[in-house]
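Visitor: Could you teach me how to read a structure like this one, step by step? I would like to start with how helices pack.

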2 protein chains.
Amino acid sequence: EASYQSISPSDFFYRNREIAGFSNPSRALYSAVRELLENSLDACEARRVPPDIYLRIREVLPSKGEEGPEVYSLRIEDNGTGIPDEYIPLCFGKVFYGSKYILRQSRGTFGLGGTITILYGQITTHKPVRVASSIGKEIHEYEMMIDIEHNEPIVLRHEVHENKKGWRGTIVELQLEGDYSRSMNKIYEYLKQTAMVCPYADITFVDPKGRLYRFERATDQMPPPPRAVKPHPKGVDVETLRRMVASTRARNMKAFMMEHFQGVGEVTAERFLNTASIDPRTPPGELGPEDIVKLVRAANDFEEFNRPDPSCLSPIGEELLGMGIKKELNLTDADFLMAVQRRPSTYLGFPFIVEAAMAHGRSLARQGFSGITLYRFANKIPLLFDESSCVIWKAVNRNINWSTYLVSPDTPLVVAVHVCSTKIPYKSVGKEFLADQPEVEREITNAIRQLARHLRLYISRSIRMARERRR
Amino acid sequence: EASYQSISPSDFFYRNREIAGFSNPSRALYSAVRELLENSLDACEARRVPPDIYLRIREVLPSKGEEGPEVYSLRIEDNGTGIPDEYIPLCFGKVFYGSKYILRQSRGTFGLGGTITILYGQITTHKPVRVASSIGKEIHEYEMMIDIEHNEPIVLRHEVHENKKGWRGTIVELQLEGDYSRSMNKIYEYLKQTAMVCPYADITFVDPKGRLYRFERATDQMPPPPRAVKPHPKGVDVETLRRMVASTRARNMKAFMMEHFQGVGEVTAERFLNTASIDPRTPPGELGPEDIVKLVRAANDFEEFNRPDPSCLSPIGEELLGMGIKKELNLTDADFLMAVQRRPSTYLGFPFIVEAAMAHGRSLARQGFSGITLYRFANKIPLLFDESSCVIWKAVNRNINWSTYLVSPDTPLVVAVHVCSTKIPYKSVGKEFLADQPEVEREITNAIRQLARHLRLYISRSIRMARERRR
Ligand SMILES: Nc1ncnc2c1ncn2[C@@H]1O[C@H](COP(=O)(O)OP(=O)(O)OP(=O)(O)O)[C@@H](O)[C@H]1O
Ligand SMILES: Nc1ncnc2c1ncn2[C@@H]1O[C@H](COP(=O)(O)OP(=O)(O)OP(=O)(O)O)[C@@H](O)[C@H]1O
Ligand SMILES: [Mg+2]
Ligand SMILES: [Mg+2]
């Protein structure tokens, strides 16, 4: 006899938390750090201030011998936007809740990373999370847990403090089971690669052994922020269009097209509607289901829309990317270092930009680099796992004939690839690798070839100079 | 100014449907077929009858030239348990709803596959889905859509029909955008591999070109069905234990342990509670949060629990697996064919069984097989994508020194690996590849070595016989 039931989103990710990156204590500690750090960086960039981030992991319960679980206290503090007090419990206590469901590039996208982190801490320690935040006025401090069965926060304590120094930002402190010795390399690598693509961020990390790691900012200069944009007609489907039609105040379909989509002017709206055999004067409320389908099909075929507006994106920029890599890889001016930013492109109606950088030379050789070391980034998030499943790795390893660029299997070469988009083609909610979108793959491949041509000049010149020295 | 909102589970998978396998029309058509077929097979096995499944894909809208979308009507009919009428709309119209949230092996596990299939059809065609089902009494027919913003079904029509023939089963019919020419190979492969591990299933498939594919059953014999079991103490965490304590009627902790967990007798319960420093006579309601944490920690360390009960599993069986492979690969008795079922094992408190089979010989060579062809299965589901990300592929390609078994790079060799568990370590909700769980990897590796040793005998004998023939 089958018994039917529904479960809440938090219950789903509780039962399947490995899908979100919380598969075992060492991986969970890494995922907790990355989810919280990504939230803090998003908040600082939203506030347009260079991020100052303090991260501390402290042992709470020393492992008794080999078997006992290691419990850590994890604390992160940022100078970001803060969260308005009425939303604080929901932001951390509800899965599928957040401020990043809009059409603008940010690290966060799913509305679950922070909550799953809190959830994991709760189910391994039964301890509440403490969140303090201020948007500039008072400081609100919450002690809370998650009602996992109902996907709702449980507020245990809420205090309001005066904010004499006018602090603005967020502090999150939780306890969770982890395995620092197993995750420390990945955590350090994550912080270092974050510094590589955010050279304007200042990150301080104190680990359980009391060691202090400081990633100082190399500059105060930040990339221009992304702006929220309206959707592009190309990416629209029946559900999106149906919702727009249901909620629009536009009096006719021509005004509707111009109002709800980006880059649709009067002429384009008229031409498009005529292609779709819809009278531009039709009130939106009179569209039937078949009309909606007709419009979606016509939008996907229509070739005269403007290209998607890339102002919703915020790439790193060639200068900042080069600066970050030079600093984190200890390069000198004698090394080869070049960064390139491709022009905006699109896939499935979503704009994206590929940036890539390459570094090669004696500084790398001296640090033990040998062969290609690939750094992958998506919306400025370092991707550290599942490399061989990622389209970036596929492009680097299968689409490039490296020997034609004078690169041999032990040439010390760093390749960094950054994809930014309002919709990163993640293959799973764990944000570790990207799916094989053809347009994205093509842009990555072309970016690498562009850099590799310059690398070839450098290598052939080094070979030539080495020969001359030998004579 | 950040704007905070929550979205429903269906809205989440609408926006991120590529994570569930609905990334593009050809992949979506494949995913629709597999999700519906897996539901039908689960239902037939739950009813303990050999599955009779009719699958038909018909073109509805021929693509106009190269660009137009191709719309298909997809219909599947099974002789499974059927669905009680009051649950039909929820089963297909609500994400995170179903009958498979219990501790018993089945293909379905997340409560979303069927619903996302309906959702994808709806957002690409605006057409409702038709579901007819009977648990043996009347036949209930629904025409419905999904309210994606609220994760609720919208029933457009509900008719009750007399069931003169006493039919029992389910019919699902929907329209969706697809690309059959691009997905036909994968769809065919999926059906063929399903037949390999379910030789008791009879599957008829009519494709858009009107071609009929029939996978006849090789036997009526089915593996023993899995039984739902209580959780094992080893896998328990704070949240699970907290829920049990909150809802238990047991009068004391000793009765609680015996009542709620599998394989815990009186002596074990007493010993365990003493190890956890909890008085066995304590009423469960008196446990505080620290006691719950203490119990979870103690349960993970305690070594005297019985091994997890594998009666919640339903492996294929060596005989059926061999039968299915022989039939689908057209093997003869002269070929090498061997199947092995490992003893039950566990990871993280969940029981699992690895089964593997190997085939080699002239029949494979004649069909063009060359090198290792790997077939991967999880809970009898064929896994066709992301091979190199899967722990099964890792075991086959990195943990086995094939040359020592006389296997060379062009030896025609089929390796089939099946993992069954109440918790398959899927890395994503798309169910295509398994995470590197060490215990699972070890069992797969050992199963393959076990078969490879026998393969070596066969190959060395063939070599010897070939030499003798040459003299
Ligand atoms: N440090 C922070 N500063 C400001 N706002 C924050 C901070 N951390 C979380 N938030 C808010 O909480 C919301 C939920 O965070 P959460 O990490 O769960 O999801 P997300 O970041 O939106 O998406 P993702 O799951 O992809 O990370 C965010 O959208 C943001 O509005
Ligand atoms: N053909 C069918 N016969 C009987 N019951 C069915 C059938 N199809 C779906 N169901 C019921 O509908 C529920 C929901 O199906 P759905 O595919 O959405 O989720 P699931 O199979 O439980 O999990 P998963 O997402 O892993 O497939 C199932 O649990 C099952 O009870
Ligand atoms: Mg986040
Ligand atoms: Mg299913």
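Guide: Happily! Let's begin with helix 7 of chain B and helix 8 of chain B, which are oblique to each other. Keep in mind throughout that this is a predicted model.

Visitor: What are the crossing angle and the axis approach behind that word for helix 7 and helix 8 of chain B?

Guide: The label follows from the angle: values that are not roughly parallel, antiparallel or perpendicular count as oblique, with the perpendicular range running from 65 to 115 degrees and antiparallel starting over 145. Here the axes of helix 7 (residues 253-260) and helix 8 (residues 266-275) of chain B cross at roughly 125 degrees and come within 9 Å.

Visitor: Is the crossing of helix 7 of chain B past helix 8 of chain B left-handed or right-handed?

Guide: It is a right-handed crossing, helix 7 of chain B passing helix 8 of chain B. You can practise on another pair: helix 6 (residues 238-247) and helix 9 (residues 289-301) of chain B have axes that come within 9 Å and cross at roughly 120 degrees. That angle makes helix 6 of chain B oblique to helix 9 of chain B. Their crossing, too, is right-handed.

Visitor: Now the ligands, please. Which residues come nearest to ligand 2?

Guide: A good first step is to list the shell, taking residues with a heavy atom within 4 Å of the ligand. For ligand 2 there are 25 such residues, and B:Ser99, B:Thr109, B:Gly113, B:Gly114 and B:Lys431 come nearest.

Visitor: Why is the site of ligand 2 described as shared?

Guide: Look at the chain letters in the shell. Residues from both chain A and chain B surround ligand 2, so the site is shared between chains.

Visitor: Which polar side-chain atom lies 2.5 Å from an oxygen atom of ligand 2?

Guide: For polar contacts, look for pairs of N or O atoms within 3.5 Å. The 2.5 Å pair involves a polar side-chain atom of B:Lys431 and an oxygen atom of ligand 2. The side chain of B:Asn39 also takes part, with an N or O atom 2.9 Å from a ligand 2 oxygen. The backbone contributes as well: an N or O atom of B:Leu112 lies 2.8 Å from an oxygen of ligand 2. As for burial, the protein covers 97% of the 590 Å² of accessible area that ligand 2 has on its own.

Visitor: Which element supplies the largest share of the shell around ligand 2?

Guide: Helix 2 of chain B does, with four residues. At least two residues each come from helix 2 (25-46), helix 3 (88-93), strand 4 (97-98) and helix 4 (113-125) of chain B. By class, the shell around ligand 2 has eight nonpolar, 13 polar and four charged residues.

Visitor: And how would I read ligand 1? What surrounds it?

Guide: Take the steps in order again. Ligand 1 is surrounded by 25 residues, the closest being A:Ser99, A:Thr109, A:Gly113, A:Gly114 and A:Lys431. Chains A and B both provide residues around ligand 1, so this site is shared between chains. Among its polar contacts, a side-chain N or O atom of A:Ser99 is 2.6 Å from a ligand 1 oxygen, and a backbone N or O atom of A:Gly113 lies 2.7 Å from an oxygen of ligand 1. The protein covers 97% of the 600 Å² of accessible area that ligand 1 has on its own. Helix 2 of chain A gives the most to the shell around ligand 1, four residues.

Conventions
Residues are numbered from 1 along each chain as its sequence is written. Chains are lettered from A and ligands numbered from 1 in the order in which they are written. This is a predicted model: local features need pLDDT of at least 70, side-chain atom pairs count only at pLDDT 80 or more; totals for chains, interfaces and linings use all residues. Side-chain values use heavy atoms; hydrogens and water are left out. A polar contact is a pair of N or O atoms within 3.5 Å; within protein, one must be able to donate a hydrogen and the other to accept it, and residues adjacent in sequence count only if both atoms are side-chain atoms. Accessible areas come from the Shrake-Rupley method with a 1.4 Å probe; for residues, only the protein chains shown count as cover. Ala, Val, Leu, Ile, Met, Phe, Trp, Tyr, Cys and Pro count as nonpolar, Asp, Glu, Lys and Arg as charged, and the others, Gly among them, as polar. Axes are lines fitted to C-alpha atoms, for helices over the stretch in contact, and angles run from 0 to 180 degrees between N-to-C directions. Angles under 35 degrees count as roughly parallel, over 145 as roughly antiparallel, 65 to 115 as roughly perpendicular and the rest as oblique. A crossing is left-handed if the near helix is turned anticlockwise from the far one by less than a right angle, and right-handed if clockwise.
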